[in-house]
Amino acid sequence: MMALDGSVYLSCSTGESGVDVRAVAHPAHSDHILRYLEWYAHRDAPLAERELRKRVADWLADRAPSRTEPA
């Protein structure tokens with residue numbers, strides 16, 4: 001899950017012996033999380049995840065520097 005404004009990323013999954021939870025404030029400031037989200041947005045996944053993958057891809061594209069900003 002990601003907050004609508006992109007300020008928080010939250011991931012949860014279940015395993016054999018527990019639950020894994022990842023919560024990151026300001027994911028745009030974490031290279032590790034950005035790499036993970038890029039992988040997630042472009043991976044070959046079931047159709048059920050298509051909407052979330054598209055939202056993540058759109059968020060990643062929106063945070064790319066504009067052409068008017070210095071590099």
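Below are three short exercises on a predicted model, each with a worked solution.

Residues are numbered from 1 along each chain as its sequence is written. Local features need pLDDT of at least 70 and side-chain atom pairs count only at pLDDT 80 or more, while totals for chains, interfaces and linings use all residues, and side-chain values use heavy atoms, without hydrogens and water.

**Exercise 1. Describe how helix α1 packs on helix α2.**

Solution.
- Start with what to report: two packed helices are described by the angle between their axes and the distance between the axes.
- Locate the helices: α1 covers residues 31-42 and α2 covers residues 50-62.
- Their axes come within 8 Å and cross at roughly 130°.
- α1 is therefore oblique to α2. (Under 35 degrees is roughly parallel, over 145 roughly antiparallel, 65 to 115 roughly perpendicular, and the rest oblique.)
- Now list the contact (heavy atoms within 4.5 Å). α1 supplies L34, L37, E38, Y40 and A41. α2 supplies L52, R53, V56, A57, W59 and L60.
- Sort these residues: nine are nonpolar, none polar and two charged.

**Exercise 2. Is L52 buried, partly exposed or exposed?**

Solution.
- Place L52: it sits in helix α2.
- Read its relative accessible area: 34%.
- Apply the cut-offs: buried is under 20%, exposed is over 50%, and partly exposed is in between (1.4 Å probe, protein chains only).
- So L52 is partly exposed.
- Add a distance: the C-alpha atoms of L52 and M1 are 8.0 Å apart, with their positions 51 residues apart along the chain.

**Exercise 3. Work out how strands β1 and β2 are joined.**

Solution.
- Find the strands: β1 is residues 8-14 and β2 is residues 19-25.
- They run antiparallel, joined by seven bridges. (Pairing needs at least two DSSP bridges.)
- Pick one bridge: S13 partners D20 of β2.
- Finish with the link: the two strands form a hairpin, with four residues between them.

Conventions
Axes fitted to C-alpha atoms, helices over the stretch in contact; angles between N-to-C directions. Nonpolar A, V, L, I, M, F, W, Y, C, P; charged D, E, K, R; others polar.
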